[in-house]
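Please read these points with the model open beside you, and check each one against what you see.

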Amino acid sequence: MRAGINALTAAFMVGVLAGLVLTPDGRAWLRHPTLMLGGTANASAPAEAERPPALPVVAVPTGPVVTPLTTRMARGHLRIGVFGDSMADGLWAALYRDLNRVPGVTVSKFSEVSTGLTRYDYVDIQAKTTRQLDETPVDVAVVLFGTNDAQGISLDGEVYPFGSDGWKTAYAQRIDDLVGLLRSRDIAVYWVGLPRMKRDSFDAKMTLINAVVAERMAALDVPYIETVPLTANAEGGYEAYLPTETGRRTLMRANDGIHMSMAGYLRIGDPVAATLKHDAGLDRPQPPAADEGRVSAATPPVSPAA
C-alpha cells in the first residue's frame, strides 16, 4: 500500500514539474518559487512591507540677504516686531521696556494667545503674518512659538502625531516657510527658544520643539537665543524663584509653571535686546538724534495673559 502511494506521489510530482516547464506561468514560478502550504503561497524571499510615503526632506531655502541692522539704524529707524503666542506677549513687554527710550527704535506686538505652528486650521500663521506685514512693515522679527504646539499636524489629508518623524518634518517646513516669508520682505529674523517648564512631561515636549527649532535655525543661519539656561536652576531643574545678578532670589514664573513673571520676561528678554543692540550698533557710541524713540503701544502689560 505504502509503495503504491509513493509511486502515485512520484508520478504526481513528475506531472507537476512537467507542467511547470512546459507553461509560461510555470517557468515564471520556477524563477521565483514559492512554497504552497495550507493553500497560501509564501514567497521564498519576501519583499519588505510597503511603508507609507514619507514627507519630503526639508531643504535649506536660499532666500535673499537682508539689509544689516546697522544700515537700517543709519537710516534713522529700526522697526522691531514680536511674533508668537502668549509667551511672546511677555517677551514683547520686556523688549518694550528695554528699548523704549532708544532713539529711532519702535517695538510692535504681533503675537496672539493660543496660536502656534501646528493648528493652521485654527489660525494660519503664514497667512496671518502676511496680512500683518502688509499693514505694518517691520525691519526685525523676533519670534517665539511653541507652548501650544505639542499636538498633531494635519497636512494634505494626513495627520502626523506629535513627535513623530512626519511631525518633525512638517513642523520644520512651517518654520522654514515663516522664515522665508519674513526674509522675502527684507526682515531680519531672531528666534527665541522656549524656557524650562515645571511639569517634566510638558518640559520634554518643549525640549523636542526646541531641538527642531534649533536645528532649523542653524540650517537657515538665523540667530537662535536659548532661554533654558536662564530659566533653570544650577542642576537644570525648574524653580519659580531664581537668583538675580545681585544674588537675590526673585519670582520668575507664573503660577501655571509655563509662563513667566514680569521679572522672568525681563530675564529672557535681556539677551534678545542685547543681541539686537549689538547687531544694530547700538552698543557703541551713537551720534545725537533729533527724534526720540517711540513704541507702538502706550503701556506694556504687567503680566501677559496665559
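1. Which residues of H7 are buried? In this predicted model, the buried residues of H7 are Phe202, Asp203, Met206, Ile209, Asn210, Val212, Val213, Arg216, Met217 and Leu220. When you look at how they are placed along the helix, it helps to recall that an α-helix has 3.6 residues a turn, so residues three or four places apart point the same way.

2. The buried residues of H7 pack against helix H6 (165–184) and helix H8 (228–231), and also against strand S8 (188–192) and strand S9 (224–225).

3. The length of helix H7 can be checked by simple reasoning: because each residue should add 1.5 Å, its 21 residues (200–220) should span 30 Å, and the end C-alpha atoms are indeed 30 Å apart, which agrees. Just after H7, aspartate 221 takes a positive phi of about 60 degrees.

4. Turning to internal space, a search of the whole structure finds one cavity of 30 Å³ or more, and the largest cavity holds about 50 Å³. Its lining includes Phe83, Phe110, Glu112, Lys128 and Phe145, and by class the lining has four nonpolar, four polar and two charged residues. Strand S3 (78–84) and helix H5 (125–135) each supply at least two residues of this lining, with H5 giving the most, namely four.

5. Finally, a word on confidence: the chain averages a pLDDT of 82, and 72% of the residues score at least 70. Over residues 289–293, however, the pLDDT is below 50, although this stretch has 10 contacts in the model beyond near neighbours in sequence. Where pLDDT is low, the predicted coordinates should not be read in detail.

Notes:
Residues numbered from 1 in each chain as written. Predicted model: local features only at pLDDT ≥ 70, side-chain atom pairs only at ≥ 80, totals over all residues. Heavy atoms only, no water. 1 Å grid on protein atoms, 1.4 Å probe; cavity = no way out; pocket = protein on both sides within 12 Å on 5 of 7 lines; lining within 4 Å. Points joined across faces, edges and corners; volume = space filled by probe spheres on them. Nonpolar A, V, L, I, M, F, W, Y, C, P; charged D, E, K, R; others polar. pLDDT = per-residue confidence, 0-100. Contact = heavy atoms within 4.5 Å. Expected span 1.5 Å × (residues − 1). Buried < 20%, exposed > 50% of the residue type's maximum accessible area, 1.4 Å probe, protein only.
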